[in-house]
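Reader: Hello! I would like a close look at one part of this model, the salt bridges, together with whatever surrounds the residues that form them. How many salt bridges does a search of the whole structure find?

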Amino acid sequence: MSQQTSPRGTFLQIAEAVKIQIQADPAMTELPKLADLMHDHGVSRGVALRAFAVLRNEGLAEPVPGGRWRVIREGQRSDRRPLADRIADVITDDELEVGSAFPSASALCERFGASRPTVTKALDKLEAGGLLSEGGQGKVRTVRSLPIGEGRS
C-alpha cells in the first residue's frame, strides 16, 4: 500500500482556501472555475463540487444558471426565482412603458450574471408570454405589455 495522504477532508481544506480568497478580495463576485480548482488542488470534480457545497451550506456562494457560482456577501439578498421572472421585473424596476425599448441580451447577461444562452431562453419565455416583442440580430425588443398587477395610473 502506498503512503499517500488520506483525501478525507480535502474538500474542507479547499473550501477554507476559497473562503480566504473571498475575504481577501471584496470585489470577488464569482468563485473560481471548477476546472481551476481541480487543477490547482489536484483533486477530482467530485471533491471540488463538495467544496462548493460547503460554501453553499455556509451561505457564502450559490450556483448560477449557466454553471458558475456567485459569491454571496453579507447582507446580499439571494433571489432564487426563475431568471425569466427576474428579467420581467426589469419592466417595473426600470419604469418601462408599453412600447419602450427593452435592455439588450448582453446588458441583461451582465446585470444578472447569467450566460447568454440562459438569458436568451428567459427572453424567449417572456416573448411567448406576450410581455416582449420578438428580438433578433440588430432588432431591439420592446415591451408589449406590463406584468400582471403592474397597471399604471
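Author: Happy to help. First, a word on terms: helices and strands here are DSSP runs, with at least four residues of H or I for a helix and at least two of E for a strand, numbered from the N terminus. By that rule, this predicted model has six helices and two strands. Along the sequence they follow the pattern α-α-α-β-β-α-α-α. The chain has 153 residues, and 35% of them are buried. Of the contacts between residues at least 6 apart in sequence, 51% join residues at least 24 apart.

Now to your question. The search of the whole structure finds six salt bridges. Side chains of opposite charge can pair when their charged atoms come close. Let me walk you through three of the pairs.

Let's start with Glu-58 and Lys-19, whose side chains meet in a salt bridge with an N to O distance of 2.8 Å. This pair links distant parts of the chain, 39 residues apart: Lys-19 sits in helix α1 (residues 10–24), while Glu-58 is in the loop between α3 (45–57) and β1 (61–63). The two partners differ in how far they are covered. Since buried means under 20% relative accessible area, Lys-19 counts as buried at 15%. Glu-58 has 42% relative accessibility and so counts as partly exposed. If we leave aside neighbours within four places in sequence, Lys-19 is in contact with Leu-55, Glu-58 and Leu-60.

The next pair is Arg-70 and Glu-62, with side chains that meet in a salt bridge at 2.9 Å, N to O. Glu-62 is buried, because its relative accessibility is 4%. Arg-70, with a relative accessible area of 22%, is partly exposed.

The third pair is Glu-127 and Arg-141, which form a salt bridge at 2.7 Å, N to O. Glu-127 belongs to helix α6 and Arg-141 to the segment after α6, so this bridge ties together parts that are 14 residues apart in sequence. Glu-127 has a relative accessible area of 18% and is therefore buried. Arg-141 counts as buried too, at 14% relative accessibility. Going back to the pair in α1 and the loop after α3, there is a wider arrangement to look for: salt bridges that share partners join Glu-16, Lys-19 and Glu-58 into one network.

Arg-141 is a good place from which to explore the surroundings, beginning with a pocket. The second largest pocket has a volume of about 240 Å³. Its lining has 14 residues, and those closest to the pocket's centre are Ala-105, Arg-116, Gly-136, Lys-139 and Arg-141. Helices α5 and α6 each supply at least two residues of that lining. By type, the lining divides into four nonpolar, seven polar and three charged residues.

Arg-141 also leads us to Phe-102. Apart from neighbours within four places in sequence, Phe-102 is in contact with a list of residues that includes Arg-141, along with Ile-87, Leu-108, Leu-123 and Leu-132. Phe-102 is itself part of the largest nonpolar core, which has 20 residues; Ile-87, Phe-102, Leu-108, Val-119, Leu-123 and Leu-132 are the ones that touch the most other members. Helices α4 (83–93), α5 (105–112) and α6 (116–128) each supply at least two residues of this core. The most come from α4, which gives six residues. A second, separate core has 18 residues, including Leu-37, Val-43, Ala-51 and Trp-69.

One last stop, away from the salt bridges described above, is Glu-95 in the loop between α4 and α5. Most residues other than glycine have a negative phi. Glu-95, although not a glycine, has a positive phi of about 55 degrees. At 62% relative accessibility, Glu-95 counts as exposed, whereas Glu-62 and Glu-127 are buried, at 4% and 18%.

If you trace all this on the screen, Lys-19 in helix α1 makes a handy starting point, and Arg-141 a second one, with its bridge to Glu-127 and its place among the residues closest to the centre of the second largest pocket.

Methods: Residues numbered from 1 in each chain as written. Predicted model: local features only at pLDDT ≥ 70, side-chain atom pairs only at ≥ 80, totals over all residues. Heavy atoms only, no water. Core = buried A, V, L, I, M, F, W, Y, C linked by side-chain atoms within 4.5 Å. Buried < 20%, exposed > 50% of the residue type's maximum accessible area, 1.4 Å probe, protein only. Contact = heavy atoms within 4.5 Å. 1 Å grid on protein atoms, 1.4 Å probe; cavity = no way out; pocket = protein on both sides within 12 Å on 5 of 7 lines; lining within 4 Å. Points joined across faces, edges and corners; volume = space filled by probe spheres on them. Nonpolar A, V, L, I, M, F, W, Y, C, P; charged D, E, K, R; others polar. Salt bridge = Lys/Arg side-chain N within 4 Å of Asp/Glu carboxyl O.
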